[in-house]
Number of protein chains: 2
Amino acid sequence: MAGLRAKHKADRHQRIVEAAARLFRAQGYDTVKMEAIAAAAEVSIGTIYNYYRNKGDLLVAIVSMEVHEVLAAGERVIADPPRHAEKAVAKLIATYIEHGLVYLSKEMWRQAMAITTQQPDSPCGVAYNELDEALARQTVKLIRKLQTLSLVQVGVDAQAIGEMIFNNTNMMFTIFVKHEAMSVATLLTRLRRQNRTLVQAIAA
Amino acid sequence: MAGLRAKHKADRHQRIVEAAARLFRAQGYDTVKMEAIAAAAEVSIGTIYNYYRNKGDLLVAIVSMEVHEVLAAGERVIADPPRHAEKAVAKLIATYIEHGLVYLSKEMWRQAMAITTQQPDSPCGVAYNELDEALARQTVKLIRKLQTLSLVQVGVDAQAIGEMIFNNTNMMFTIFVKHEAMSVATLLTRLRRQNRTLVQAIAA
DNA sequence: GGAGAAAAATGAACCGGTTCTAAATATGAG
DNA sequence: CTCATATTTAGAACCGGTTCATTTTTCTCC
(Lines give C-alpha, C1' and ligand atoms only; values in the text may rest on other atoms or scores of the structure.)
Protein backbone atom coordinates (compact mmCIF):
# COMPACT_ATOMS: atom_id res chain seq x y z
CA MET A 1 0.00 0.00 0.00
CA ALA A 2 3.09 2.23 -0.07
CA GLY A 3 1.96 3.15 -3.55
CA LEU A 4 4.70 3.05 -6.09
CA ARG A 5 2.55 5.24 -8.24
CA ALA A 6 2.24 7.92 -5.54
CA LYS A 7 5.94 7.67 -4.86
CA HIS A 8 6.85 8.32 -8.45
CA LYS A 9 4.35 11.13 -8.55
CA ALA A 10 5.91 12.90 -5.58
CA ASP A 11 9.39 12.33 -6.99
CA ARG A 12 8.49 13.81 -10.31
CA HIS A 13 6.76 16.81 -8.73
CA GLN A 14 9.88 17.49 -6.73
CA ARG A 15 12.23 17.11 -9.63
CA ILE A 16 10.13 19.33 -11.88
CA VAL A 17 9.81 22.16 -9.35
CA GLU A 18 13.47 22.04 -8.43
CA ALA A 19 14.62 21.99 -12.02
CA ALA A 20 12.31 24.86 -12.91
CA ALA A 21 13.30 26.97 -9.90
CA ARG A 22 16.97 26.50 -10.62
CA LEU A 23 16.67 27.27 -14.32
CA PHE A 24 14.33 30.25 -13.87
CA ARG A 25 16.68 31.85 -11.39
CA ALA A 26 19.77 31.14 -13.45
CA GLN A 27 18.50 32.00 -16.91
CA GLY A 28 15.26 33.93 -16.52
CA TYR A 29 11.69 32.77 -16.98
CA ASP A 30 11.30 33.51 -20.69
CA THR A 31 14.66 32.11 -21.65
CA VAL A 32 13.94 28.71 -20.14
CA LYS A 33 12.07 26.40 -22.48
CA MET A 34 9.69 23.75 -21.23
CA GLU A 35 11.93 21.37 -23.13
CA ALA A 36 14.86 22.39 -20.91
CA ILE A 37 12.86 21.93 -17.72
CA ALA A 38 11.70 18.53 -18.94
CA ALA A 39 15.26 17.51 -19.73
CA ALA A 40 16.61 18.77 -16.40
CA ALA A 41 13.85 16.97 -14.49
CA GLU A 42 14.36 13.85 -16.63
CA VAL A 43 10.74 13.81 -17.63
CA SER A 44 8.88 14.43 -20.86
CA ILE A 45 7.21 17.71 -21.72
CA GLY A 46 3.79 16.10 -21.52
CA THR A 47 4.46 14.97 -17.97
CA ILE A 48 5.06 18.52 -16.81
CA TYR A 49 1.67 19.40 -18.23
CA ASN A 50 0.21 16.52 -16.24
CA TYR A 51 1.33 18.25 -13.06
CA TYR A 52 1.01 21.91 -13.99
CA ARG A 53 -1.56 23.49 -16.23
CA ASN A 54 1.09 25.64 -17.92
CA LYS A 55 4.48 27.26 -17.56
CA GLY A 56 3.02 30.06 -15.44
CA ASP A 57 1.52 27.62 -12.94
CA LEU A 58 4.93 26.17 -12.46
CA LEU A 59 6.41 29.55 -11.61
CA VAL A 60 3.54 30.51 -9.32
CA ALA A 61 3.94 27.22 -7.46
CA ILE A 62 7.51 28.24 -6.70
CA VAL A 63 6.44 31.73 -5.66
CA SER A 64 3.77 30.28 -3.37
CA MET A 65 6.34 28.36 -1.40
CA GLU A 66 8.24 31.59 -0.80
CA VAL A 67 5.13 33.51 0.24
CA HIS A 68 4.22 30.81 2.75
CA GLU A 69 7.60 31.40 4.37
CA VAL A 70 6.94 35.12 4.37
CA LEU A 71 3.65 34.53 6.16
CA ALA A 72 5.34 32.34 8.75
CA ALA A 73 8.02 34.97 9.36
CA GLY A 74 5.31 37.63 9.72
CA GLU A 75 3.53 35.52 12.31
CA ARG A 76 6.68 35.40 14.39
CA VAL A 77 6.93 39.20 14.33
CA ILE A 78 3.35 39.58 15.48
CA ALA A 79 3.86 37.10 18.29
CA ASP A 80 6.42 39.43 19.84
CA PRO A 81 6.39 42.86 18.18
CA PRO A 82 8.62 45.81 19.15
CA ARG A 83 6.89 47.87 21.86
CA HIS A 84 6.54 50.93 19.65
CA ALA A 85 3.93 51.30 16.95
CA GLU A 86 6.15 52.73 14.23
CA LYS A 87 8.93 50.23 14.86
CA ALA A 88 6.53 47.30 14.95
CA VAL A 89 5.05 48.20 11.57
CA ALA A 90 8.51 48.81 10.13
CA LYS A 91 9.67 45.43 11.36
CA LEU A 92 6.75 43.54 9.83
CA ILE A 93 7.22 45.28 6.51
CA ALA A 94 10.96 44.69 6.50
CA THR A 95 10.32 41.03 7.25
CA TYR A 96 8.02 40.79 4.24
CA ILE A 97 10.50 42.41 1.91
CA GLU A 98 13.54 40.52 3.08
CA HIS A 99 11.93 37.09 3.11
CA GLY A 100 10.44 37.68 -0.31
CA LEU A 101 13.78 37.70 -2.04
CA VAL A 102 15.49 34.64 -0.64
CA TYR A 103 14.75 32.28 -3.50
CA LEU A 104 13.13 34.52 -6.06
CA SER A 105 14.69 37.05 -8.39
CA LYS A 106 12.96 40.30 -9.28
CA GLU A 107 12.34 38.89 -12.70
CA MET A 108 10.57 35.86 -11.28
CA TRP A 109 8.38 38.12 -9.17
CA ARG A 110 7.51 40.24 -12.19
CA GLN A 111 6.54 37.21 -14.21
CA ALA A 112 4.51 35.73 -11.37
CA MET A 113 2.68 39.02 -10.80
CA ALA A 114 1.97 39.32 -14.49
CA ILE A 115 0.65 35.77 -14.77
CA THR A 116 -1.64 36.02 -11.77
CA THR A 117 -2.96 39.36 -12.97
CA GLN A 118 -3.61 37.93 -16.39
CA GLN A 119 -5.42 34.83 -15.12
CA PRO A 120 -6.94 35.71 -11.76
CA ASP A 121 -9.45 32.86 -12.01
CA SER A 122 -7.02 30.08 -12.79
CA PRO A 123 -6.08 27.89 -9.82
CA CYS A 124 -2.69 29.54 -9.56
CA GLY A 125 -4.19 33.02 -9.78
CA VAL A 126 -6.66 32.22 -7.04
CA ALA A 127 -3.94 30.75 -4.83
CA TYR A 128 -1.73 33.80 -5.29
CA ASN A 129 -4.52 36.22 -4.51
CA GLU A 130 -5.41 34.28 -1.38
CA LEU A 131 -1.82 34.63 -0.23
CA ASP A 132 -2.01 38.37 -0.82
CA GLU A 133 -5.18 38.50 1.22
CA ALA A 134 -3.56 36.46 3.97
CA LEU A 135 -0.72 38.98 4.11
CA ALA A 136 -3.22 41.85 4.28
CA ARG A 137 -5.06 40.11 7.12
CA GLN A 138 -1.77 39.61 8.89
CA THR A 139 -1.04 43.32 8.71
CA VAL A 140 -4.48 44.05 10.14
CA LYS A 141 -3.71 41.56 12.88
CA LEU A 142 -0.58 43.47 13.82
CA ILE A 143 -2.54 46.71 14.15
CA ARG A 144 -5.08 44.94 16.36
CA LYS A 145 -2.29 43.50 18.45
CA LEU A 146 -0.78 46.97 18.85
CA GLN A 147 -4.17 48.17 20.03
CA THR A 148 -4.28 45.48 22.72
CA LEU A 149 -0.77 46.56 23.72
CA SER A 150 -2.04 50.15 23.99
CA LEU A 151 0.41 51.26 21.33
CA VAL A 152 -2.30 52.27 18.89
CA GLN A 153 -5.48 54.14 19.72
CA VAL A 154 -8.33 51.69 20.26
CA GLY A 155 -10.71 53.92 18.34
CA VAL A 156 -8.99 53.60 14.98
CA ASP A 157 -10.31 51.32 12.24
CA ALA A 158 -7.64 48.61 12.35
CA GLN A 159 -9.02 46.91 9.28
CA ALA A 160 -8.82 50.08 7.17
CA ILE A 161 -5.37 51.05 8.40
CA GLY A 162 -3.94 47.56 8.11
CA GLU A 163 -5.24 47.14 4.58
CA MET A 164 -3.85 50.49 3.58
CA ILE A 165 -0.42 49.77 5.00
CA PHE A 166 -0.31 46.41 3.27
CA ASN A 167 -1.62 47.69 -0.05
CA ASN A 168 0.94 50.45 -0.03
CA THR A 169 3.67 47.94 0.76
CA ASN A 170 2.48 45.64 -1.99
CA MET A 171 2.45 48.44 -4.55
CA MET A 172 5.88 49.65 -3.48
CA PHE A 173 7.17 46.09 -3.78
CA THR A 174 5.70 45.98 -7.27
CA ILE A 175 7.52 49.19 -8.15
CA PHE A 176 10.66 47.70 -6.61
CA VAL A 177 10.61 44.54 -8.72
CA LYS A 178 9.90 46.61 -11.82
CA HIS A 179 13.07 48.63 -11.28
CA GLU A 180 16.03 46.33 -11.50
CA ALA A 181 18.33 49.03 -10.11
CA MET A 182 16.30 49.83 -6.98
CA SER A 183 17.86 48.46 -3.81
CA VAL A 184 16.11 46.89 -0.82
CA ALA A 185 17.50 49.67 1.34
CA THR A 186 15.91 52.34 -0.84
CA LEU A 187 12.61 50.52 -0.81
CA LEU A 188 12.60 50.18 2.98
CA THR A 189 13.55 53.84 3.45
CA ARG A 190 10.67 54.97 1.26
CA LEU A 191 8.27 52.62 3.04
CA ARG A 192 9.33 53.86 6.45
CA ARG A 193 8.77 57.45 5.42
CA GLN A 194 5.33 56.63 4.07
CA ASN A 195 4.30 54.72 7.16
CA ARG A 196 5.72 57.23 9.63
CA THR A 197 3.06 59.94 9.24
CA LEU A 198 0.21 57.47 9.25
CA VAL A 199 1.39 55.44 12.23
CA GLN A 200 2.27 58.53 14.27
CA ALA A 201 -1.22 59.83 13.69
CA ILE A 202 -2.82 56.70 15.09
CA ALA A 203 -0.28 55.86 17.82
CA ALA A 204 -1.50 55.97 21.37
CA MET B 1 5.51 69.93 -47.18
CA ALA B 2 2.21 68.81 -45.70
CA GLY B 3 3.67 65.32 -45.95
CA LEU B 4 1.28 62.96 -47.62
CA ARG B 5 3.41 60.17 -46.26
CA ALA B 6 3.02 61.45 -42.70
CA LYS B 7 -0.69 61.78 -43.30
CA HIS B 8 -1.05 58.19 -44.35
CA LYS B 9 1.07 57.14 -41.44
CA ALA B 10 -1.23 58.91 -39.01
CA ASP B 11 -4.25 57.42 -40.74
CA ARG B 12 -2.88 53.93 -40.41
CA HIS B 13 -1.97 54.48 -36.79
CA GLN B 14 -5.52 55.61 -36.16
CA ARG B 15 -7.11 52.72 -37.99
CA ILE B 16 -4.94 50.15 -36.28
CA VAL B 17 -5.57 51.50 -32.79
CA GLU B 18 -9.29 51.85 -33.37
CA ALA B 19 -9.63 48.38 -34.82
CA ALA B 20 -7.63 46.89 -31.99
CA ALA B 21 -9.55 48.77 -29.30
CA ARG B 22 -12.86 47.71 -30.74
CA LEU B 23 -11.89 44.08 -31.15
CA PHE B 24 -10.17 43.81 -27.76
CA ARG B 25 -13.23 45.20 -26.02
CA ALA B 26 -15.64 43.04 -27.95
CA GLN B 27 -13.80 39.75 -27.98
CA GLY B 28 -11.05 39.94 -25.37
CA TYR B 29 -7.34 40.47 -25.81
CA ASP B 30 -6.24 36.85 -26.20
CA THR B 31 -9.07 35.91 -28.52
CA VAL B 32 -8.21 38.58 -31.05
CA LYS B 33 -5.56 37.48 -33.53
CA MET B 34 -3.14 39.93 -35.08
CA GLU B 35 -4.54 38.66 -38.35
CA ALA B 36 -7.99 39.93 -37.35
CA ILE B 37 -6.69 43.35 -36.34
CA ALA B 38 -4.81 43.61 -39.62
CA ALA B 39 -7.95 42.73 -41.55
CA ALA B 40 -10.14 45.16 -39.59
CA ALA B 41 -7.64 47.98 -40.04
CA GLU B 42 -7.17 47.05 -43.70
CA VAL B 43 -3.42 46.73 -43.39
CA SER B 44 -1.09 43.77 -43.41
CA ILE B 45 0.25 42.09 -40.30
CA GLY B 46 3.71 43.33 -41.14
CA THR B 47 2.48 46.92 -41.10
CA ILE B 48 1.16 46.59 -37.57
CA TYR B 49 4.59 45.42 -36.53
CA ASN B 50 6.00 48.49 -38.26
CA TYR B 51 4.03 50.69 -35.89
CA TYR B 52 3.96 48.59 -32.72
CA ARG B 53 6.67 46.35 -31.38
CA ASN B 54 4.14 43.67 -30.49
CA LYS B 55 0.55 42.91 -29.57
CA GLY B 56 1.10 44.17 -26.03
CA ASP B 57 2.39 47.55 -27.19
CA LEU B 58 -0.79 47.99 -29.10
CA LEU B 59 -2.90 47.40 -26.01
CA VAL B 60 -0.78 49.63 -23.83
CA ALA B 61 -1.08 52.43 -26.40
CA ILE B 62 -4.84 52.23 -25.98
CA VAL B 63 -4.56 52.20 -22.19
CA SER B 64 -2.28 55.23 -22.29
CA MET B 65 -4.91 57.29 -24.04
CA GLU B 66 -7.36 56.46 -21.29
CA VAL B 67 -4.92 57.28 -18.50
CA HIS B 68 -4.18 60.67 -20.06
CA GLU B 69 -7.87 61.43 -19.79
CA VAL B 70 -7.84 60.28 -16.17
CA LEU B 71 -4.98 62.68 -15.47
CA ALA B 72 -6.85 65.54 -17.11
CA ALA B 73 -9.97 64.80 -15.10
CA GLY B 74 -7.89 64.68 -11.91
CA GLU B 75 -6.42 68.06 -12.70
CA ARG B 76 -9.89 69.53 -12.89
CA VAL B 77 -10.75 68.14 -9.46
CA ILE B 78 -7.61 69.66 -7.95
CA ALA B 79 -8.35 73.02 -9.54
CA ASP B 80 -11.53 73.27 -7.51
CA PRO B 81 -11.70 70.59 -4.81
CA PRO B 82 -14.52 70.13 -2.30
CA ARG B 83 -13.80 72.25 0.79
CA HIS B 84 -13.47 69.23 3.06
CA ALA B 85 -10.41 67.01 3.20
CA GLU B 86 -12.15 63.65 3.21
CA LYS B 87 -14.57 64.62 0.46
CA ALA B 88 -11.81 66.09 -1.68
CA VAL B 89 -9.77 62.89 -1.51
CA ALA B 90 -12.86 60.78 -2.16
CA LYS B 91 -13.71 62.87 -5.20
CA LEU B 92 -10.25 62.57 -6.73
CA ILE B 93 -10.23 58.82 -6.21
CA ALA B 94 -13.73 58.40 -7.61
CA THR B 95 -12.69 60.43 -10.63
CA TYR B 96 -9.77 58.10 -11.23
CA ILE B 97 -11.88 54.98 -10.98
CA GLU B 98 -14.77 56.20 -13.09
CA HIS B 99 -12.66 57.66 -15.88
CA GLY B 100 -10.56 54.54 -16.01
CA LEU B 101 -13.36 52.37 -17.27
CA VAL B 102 -14.82 54.44 -20.07
CA TYR B 103 -13.08 52.68 -22.93
CA LEU B 104 -11.34 49.81 -21.23
CA SER B 105 -12.74 46.56 -19.93
CA LYS B 106 -11.41 44.91 -16.80
CA GLU B 107 -9.83 42.29 -19.00
CA MET B 108 -7.95 44.91 -20.99
CA TRP B 109 -6.67 46.46 -17.77
CA ARG B 110 -5.52 43.08 -16.53
CA GLN B 111 -3.64 42.38 -19.72
CA ALA B 112 -2.08 45.85 -19.80
CA MET B 113 -0.99 45.58 -16.17
CA ALA B 114 0.48 42.16 -16.84
CA ILE B 115 2.37 43.30 -19.91
CA THR B 116 3.87 46.37 -18.28
CA THR B 117 4.87 44.37 -15.23
CA GLN B 118 6.49 41.76 -17.43
CA GLN B 119 8.42 44.27 -19.52
CA PRO B 120 8.99 47.34 -17.36
CA ASP B 121 11.92 48.48 -19.51
CA SER B 122 10.22 48.30 -22.88
CA PRO B 123 8.99 51.64 -24.25
CA CYS B 124 5.40 50.78 -23.40
CA GLY B 125 6.33 49.65 -19.90
CA VAL B 126 8.24 52.85 -19.26
CA ALA B 127 5.36 54.96 -20.57
CA TYR B 128 2.85 53.14 -18.37
CA ASN B 129 4.98 53.51 -15.26
CA GLU B 130 5.44 57.21 -15.94
CA LEU B 131 1.68 57.60 -16.06
CA ASP B 132 1.40 55.82 -12.72
CA GLU B 133 3.98 58.18 -11.30
CA ALA B 134 2.11 61.15 -12.72
CA LEU B 135 -1.06 59.98 -10.97
CA ALA B 136 0.85 59.57 -7.70
CA ARG B 137 2.26 63.09 -8.06
CA GLN B 138 -1.23 64.38 -8.72
CA THR B 139 -2.49 62.84 -5.51
CA VAL B 140 0.38 64.48 -3.62
CA LYS B 141 -0.57 67.72 -5.31
CA LEU B 142 -4.10 67.46 -3.95
CA ILE B 143 -2.81 66.99 -0.41
CA ARG B 144 -0.59 70.05 -0.82
CA LYS B 145 -3.51 72.03 -2.17
CA LEU B 146 -5.61 70.98 0.82
CA GLN B 147 -2.82 72.25 3.04
CA THR B 148 -2.89 75.65 1.37
CA LEU B 149 -6.66 75.65 1.88
CA SER B 150 -6.08 74.89 5.58
CA LEU B 151 -8.03 71.66 5.27
CA VAL B 152 -5.03 69.49 6.10
CA GLN B 153 -2.45 70.16 8.82
CA VAL B 154 0.55 71.94 7.34
CA GLY B 155 2.92 69.80 9.36
CA VAL B 156 2.09 66.49 7.68
CA ASP B 157 4.33 64.95 5.05
CA ALA B 158 2.17 65.53 1.97
CA GLN B 159 4.47 63.46 -0.21
CA ALA B 160 4.23 60.42 2.07
CA ILE B 161 0.50 60.67 2.56
CA GLY B 162 -0.25 61.35 -1.10
CA GLU B 163 1.85 58.42 -2.24
CA MET B 164 0.21 56.14 0.26
CA ILE B 165 -3.29 57.14 -0.77
CA PHE B 166 -2.46 56.64 -4.42
CA ASN B 167 -0.65 53.35 -3.92
CA ASN B 168 -3.58 52.02 -1.94
CA THR B 169 -5.96 53.15 -4.66
CA ASN B 170 -3.84 51.57 -7.33
CA MET B 171 -3.67 48.26 -5.49
CA MET B 172 -7.41 48.28 -4.82
CA PHE B 173 -8.00 48.99 -8.49
CA THR B 174 -5.79 46.03 -9.32
CA ILE B 175 -7.86 43.84 -7.01
CA PHE B 176 -10.98 45.26 -8.64
CA VAL B 177 -9.95 44.38 -12.18
CA LYS B 178 -8.91 40.93 -11.01
CA HIS B 179 -12.41 40.25 -9.69
CA GLU B 180 -14.83 40.33 -12.57
CA ALA B 181 -17.78 40.34 -10.16
CA MET B 182 -16.66 43.31 -8.04
CA SER B 183 -18.65 46.47 -8.72
CA VAL B 184 -17.39 50.03 -8.91
CA ALA B 185 -19.66 50.90 -5.99
CA THR B 186 -18.08 48.23 -3.81
CA LEU B 187 -14.62 49.41 -4.75
CA LEU B 188 -15.41 53.02 -3.93
CA THR B 189 -17.01 52.08 -0.63
CA ARG B 190 -13.95 50.14 0.43
CA LEU B 191 -11.66 52.95 -0.68
CA ARG B 192 -13.67 55.54 1.25
CA ARG B 193 -13.46 53.45 4.39
CA GLN B 194 -9.72 53.04 4.01
CA ASN B 195 -9.11 56.73 3.39
CA ARG B 196 -11.44 57.93 6.13
CA THR B 197 -9.24 57.08 9.14
CA LEU B 198 -6.11 58.40 7.51
CA VAL B 199 -7.60 61.64 6.25
CA GLN B 200 -9.41 62.37 9.49
CA ALA B 201 -6.14 61.95 11.33
CA ILE B 202 -4.39 64.58 9.23
CA ALA B 203 -7.31 66.98 8.67
CA ALA B 204 -7.00 70.45 10.13
C1' DG C 1 1.82 -14.37 -11.83
C1' DG C 2 -0.97 -13.01 -15.59
C1' DA C 3 -4.97 -10.36 -17.83
C1' DG C 4 -7.35 -6.38 -18.09
C1' DA C 5 -8.32 -1.68 -16.48
C1' DA C 6 -6.75 2.67 -14.96
C1' DA C 7 -3.30 6.13 -14.64
C1' DA C 8 0.56 8.33 -16.34
C1' DA C 9 4.30 9.33 -19.73
C1' DT C 10 5.57 10.35 -24.24
C1' DG C 11 6.76 13.31 -28.20
C1' DA C 12 5.03 14.66 -32.60
C1' DA C 13 1.73 17.96 -34.30
C1' DC C 14 -0.66 22.24 -33.69
C1' DC C 15 -1.32 27.11 -33.02
C1' DG C 16 -0.61 31.93 -33.03
C1' DG C 17 2.67 35.63 -32.17
C1' DT C 18 6.68 37.17 -34.41
C1' DT C 19 10.33 37.62 -37.93
C1' DC C 20 12.01 37.71 -42.42
C1' DT C 21 12.18 38.18 -47.51
C1' DA C 22 11.27 39.54 -51.90
C1' DA C 23 8.22 41.97 -54.62
C1' DA C 24 4.97 45.81 -55.27
C1' DT C 25 3.78 50.42 -54.47
C1' DA C 26 3.82 55.12 -53.01
C1' DT C 27 6.35 59.39 -52.29
C1' DG C 28 9.33 63.27 -52.94
C1' DA C 29 13.26 65.43 -55.40
C1' DG C 30 15.34 67.03 -59.41
C1' DC D 1 8.09 63.05 -65.74
C1' DT D 2 11.41 60.01 -63.94
C1' DC D 3 14.22 58.00 -60.83
C1' DA D 4 15.90 56.84 -56.10
C1' DT D 5 14.19 55.83 -51.84
C1' DA D 6 11.10 54.59 -48.26
C1' DT D 7 7.23 52.02 -47.07
C1' DT D 8 3.80 48.42 -47.43
C1' DT D 9 2.52 43.97 -48.56
C1' DA D 10 1.79 38.95 -48.62
C1' DG D 11 3.07 35.08 -46.98
C1' DA D 12 6.41 31.63 -45.76
C1' DA D 13 9.10 30.20 -41.92
C1' DC D 14 10.35 30.24 -37.05
C1' DC D 15 9.69 29.47 -32.38
C1' DG D 16 8.14 27.78 -28.17
C1' DG D 17 4.05 26.84 -25.33
C1' DT D 18 0.34 23.65 -25.48
C1' DT D 19 -2.50 19.64 -26.95
C1' DC D 20 -3.52 14.95 -28.01
C1' DA D 21 -3.37 10.21 -29.74
C1' DT D 22 -0.53 6.57 -28.51
C1' DT D 23 2.39 3.74 -25.68
C1' DT D 24 4.07 2.39 -21.25
C1' DT D 25 3.65 1.69 -16.41
C1' DT D 26 1.16 0.57 -12.38
C1' DC D 27 -2.60 -1.44 -9.98
C1' DT D 28 -6.23 -4.90 -9.08
C1' DC D 29 -8.33 -9.05 -9.04
C1' DC D 30 -8.49 -13.76 -9.95
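**Figure 1. The interface between chain A and chain B.** In this predicted model, 27 residues of chain A are in contact with 27 residues of chain B, two residues being in contact if their C-beta atoms, placed from the backbone, lie within 7 Å. On the side of chain A that touches chain B, the elements giving two or more residues are α6 (106-118), α8 (158-178) and α9 (184-202) of chain A, and the largest share, 10 residues, comes from α8(A). Helices here are DSSP runs (H or I, at least four residues), as are strands (E, at least two), numbered from the N terminus. By class, this side of chain A divides into 12 nonpolar, 9 polar and 6 charged residues, where Ala, Val, Leu, Ile, Met, Phe, Trp, Tyr, Cys and Pro count as nonpolar, Asp, Glu, Lys and Arg as charged, and the others, Gly among them, as polar. Residues are numbered from 1 along each chain as its sequence is written, while chains are lettered from A and ligands numbered from 1 in the order in which they are written. As the model is predicted, local features need pLDDT of at least 70 and side-chain atom pairs count only at pLDDT 80 or more, whereas totals for chains, interfaces and linings use all residues.

**Figure 2. The rotation axis relating the two copies.** A turn of 180° and a shift of 0.0 Å along the axis lay chain A on chain B with an RMSD of 0.2 Å, so the two copies are related as by a two-fold rotation axis. The superposition is by least squares on the C-alpha atoms of residues with pLDDT of at least 70 in both copies. Of the residues of chain A, A:Ala114 comes closest to this axis, its C-alpha lying at 2.0 Å. Because 100% of the interface residues of chain A are also interface residues in chain B, the copies meet through the same surface.

**Figure 3. Helix α6(A) and its burial.** The 13 residues of α6(A) reach 18 Å from the first C-alpha to the last, close to the 18 Å expected at 1.5 Å a residue, the expected span being 1.5 Å times one less than the number of residues. Of these 13 residues, 11 are buried, so α6(A) is largely enclosed by the rest of the structure; among them are A:Trp109, A:Arg110 and A:Ala114. A residue is buried if 20 or more other C-beta atoms lie within 10 Å of its own, exposed if 12 or fewer, and partly exposed in between, with C-beta atoms placed from the backbone.

**Figure 4. The surroundings of A:Leu59.** Not counting residues up to four places away in sequence, A:Leu59 touches A:Phe24, A:Tyr29, A:Met108, A:Gln111, A:Ala112 and A:Ile115.

**Figure 5. The surface near DNA strand C.** Of the 22 residues around DNA strand C, A:Ser44, A:Gly46, B:Lys33, B:Asn54 and B:Lys55 come nearest, a residue being near the strand if its C-beta atom, placed from the backbone, lies within 6 Å of it. This surface has 6 nonpolar, 9 polar and 7 charged residues.

**Figure 6. Two loop residues with positive phi.** A:Ser150, a residue other than glycine with phi near 60°, is found in the loop between α7 (123-148) and α8 of chain A. B:Glu42, with a positive phi of about 55°, is found in the loop between α2 and α3 of chain B.
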